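Here are some notes on the side-chain contacts, as promised. Have a look at the structure first, then go through the points with it open.

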Amino acid sequence: MSVVIVNPSSASGSTGETWPQIASDLRSQFGSFRAMFTKHRGDAAALASEAARKGAKLIIACGGDGTISEVANGILSSGKDAELGIMPSGTGGDFRRTLEIPSRSRDAARVLRLGRSVRIDVGRVSYTDQTGHDATRYFVGVASCGMSTKVIERVKTDEVSFATALLKTAMRNAPVRLVVQLDDSHERHLVVSNLCIANARYFGGGMKIAPDAKLTDGKLDVVSIGDLSAMKIFTSAPRVYTGSHLSMPEVSHALARKIAVRASDRDGEVALEVDGELPGRLPATFQIVPEALRVRTCA
C-alpha cells in the first residue's frame, strides 16, 4: 500500500485543517493509502526511510517544499528504490512547479494515479550545521546563500509572503563576499546579493531563478546575482519571477557538477538555505547525483 506522510504544520498549519478534504480527494482520485503524520522537524525523513525499508513502493509527501525535501532525503537514505509522490499543501510549492504538478489536491491526486515515473537528479550538499558539526543532506530543488536566507527567515518568523519578505529584506540587505569554485576551475571571488545552486527551476514562492534548469541533465545550474541596490532589487523582481533576469549584466549563469563555496572572510558566517530550510552555514560543497530518485509526475 502507498504511504502518505502528512505535515499538518505546513502552510502555517492549514494542512492539518484541510487534511480531511485532501484525504477524500486522494481516496476518490487515487485509491487506498496509509497516512502517517509528522510532529517534529525531521519526522518526515525518518518516516519515509522506515516506510521505504518496509517495502513501500510509493511514498507521498503532503506538505510544502520542506516536507517534500525531507521525504526525498528519507527515501534516498534508506537505500531502497521507492518512488516519491507529491500532494502539494505548503507555502512555496516550488518543486511541484518544476514538475508541473497542479496545486489543487484533486488534480494532484489524479497525477498520482495516472502519472508516470521519472528518474531525476538530486543535489547533495556537505556543510556546517547549526551546532558547528559537518553535515550532509540531499536537495531536490534549490540551495542558496545571501539575501534568500534572510527572506526565508522572515517568512518563517513573521508568517508573511515571500514577496513581502523580499521587499522588506531588500531595504536592509548587505552583499556577501564569497569564494566559489566550479568543478576543477580556478577559485573566483564574488560579491553577490544572492548565489543559487539549482537542480530545479523555482524557489522563493514562484521565482523562476533557474529557467533553464533540467532535472535530468546531470548538472547543477549556478546563478549568481551581483551586488544590487534596494531600488534595483525592487525593479528587477518581476524579471526573476518570469525567468528573464539571466540577461541582466549583474547576473551570471553556469553549469557544473561540483561547486565549492566559502565565505571570503574565514571568520565570517554565511547562512545556507536548502529547499526552503535553513540547516546551517558555509563552507559548503554541492554535487549532482544523477538519476538518484524516482518521482511520480504528469503523464
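1. Start with Glu-187 and Arg-262, whose side chains meet in a salt bridge with an N to O distance of 3.2 Å. This one links distant parts of the chain: Glu-187 sits in the loop between strand E8 (176–182) and strand E9 (188–198), while Arg-262 belongs to strand E12 (residues 258–263), 75 residues apart. Glu-187 comes out as partly exposed, at 43% relative accessibility. Bear in mind that this is a predicted model.

2. How many salt bridges does the structure hold? The count is 13. Another one that spans the sequence joins Arg-106 and Asp-25, at 4.0 Å from N to O. Here Arg-106 is in helix H5 (residues 105–114) and Asp-25 in helix H1, 81 residues apart. If you use a cut-off of 4 Å, as was done here, note that the quoted distance for this pair is 4.0 Å.

3. The two partners in that bridge have their own burial classes. Asp-25 is buried, with 7% relative accessibility, whereas Arg-106 is partly exposed at 36%. Buried means under 20% relative accessible area, so the 7% of Asp-25 puts that residue in the buried class.

4. Lys-54 and Glu-50 make a further salt bridge, and their closest N and O atoms are 3.0 Å apart. Lys-54 is exposed, with a relative accessible area of 66%; Glu-50 is partly exposed at 31%.

5. Some of the charged side chains go beyond simple pairs. Which residues are linked in a network of salt bridges? They are Asp-81, Glu-83, Arg-119, Arg-294 and Arg-296. Glu-83 also turns up among the residues that Ile-59 touches, which brings us to the nonpolar side.

6. The largest nonpolar core has 46 residues, and the ones with the most contacts inside it are Leu-26, Ile-59, Leu-84 and Leu-293. Leaving out residues up to four places away in sequence, Ile-59 touches a long list of partners, including Val-3, Ile-5, Val-71, Ile-75 and Leu-84. Ala-48, Ala-51, Ala-52 and Ala-82 are on that list too, along with Gly-85. Apart from this core lies another, of 27 residues, with Val-125, Ile-197, Ala-263 and Phe-286 among them.

7. On to the rings: the count comes to 3 aromatic pairs. Trp-19 and Phe-33 form one that is edge-to-face, 6.1 Å centre to centre with 80° between the planes. Trp-19 lies in helix H1 (residues 14–29) and Phe-33 in the loop between H1 and strand E2 (34–37), so the pair ties together parts that are 14 residues apart in sequence. Both rings belong to buried residues: Trp-19 has 11% relative accessibility and Phe-33 has 13%.

8. What about Phe-139 and Phe-286: what kind of aromatic pair do they form? The pair is edge-to-face, 6.3 Å centre to centre and with 85° between the planes. Phe-139 lies in strand E6 (residues 134–139) and Phe-286 in strand E14 (residues 277–297), so this pair ties together parts that are 147 residues apart in sequence. Phe-139 and Phe-286 are both buried, and Phe-286 is one of the residues of the 27-residue core.

9. Last point, back to Trp-19. Ring pairs link Trp-19, Phe-33 and Phe-37 into a cluster.

Methods. Residues numbered from 1 in each chain as written. Predicted model: local features only at pLDDT ≥ 70, side-chain atom pairs only at ≥ 80, totals over all residues. Heavy atoms only, no water. Phe/Tyr/Trp six-rings, centres within 6.5 Å; stacked < 30°, edge-to-face > 60°. Helix = DSSP H or I, 4+ residues; strand = E, 2+ residues; numbered from the N terminus. Buried < 20%, exposed > 50% of the residue type's maximum accessible area, 1.4 Å probe, protein only. Core = buried A, V, L, I, M, F, W, Y, C linked by side-chain atoms within 4.5 Å. Contact = heavy atoms within 4.5 Å.
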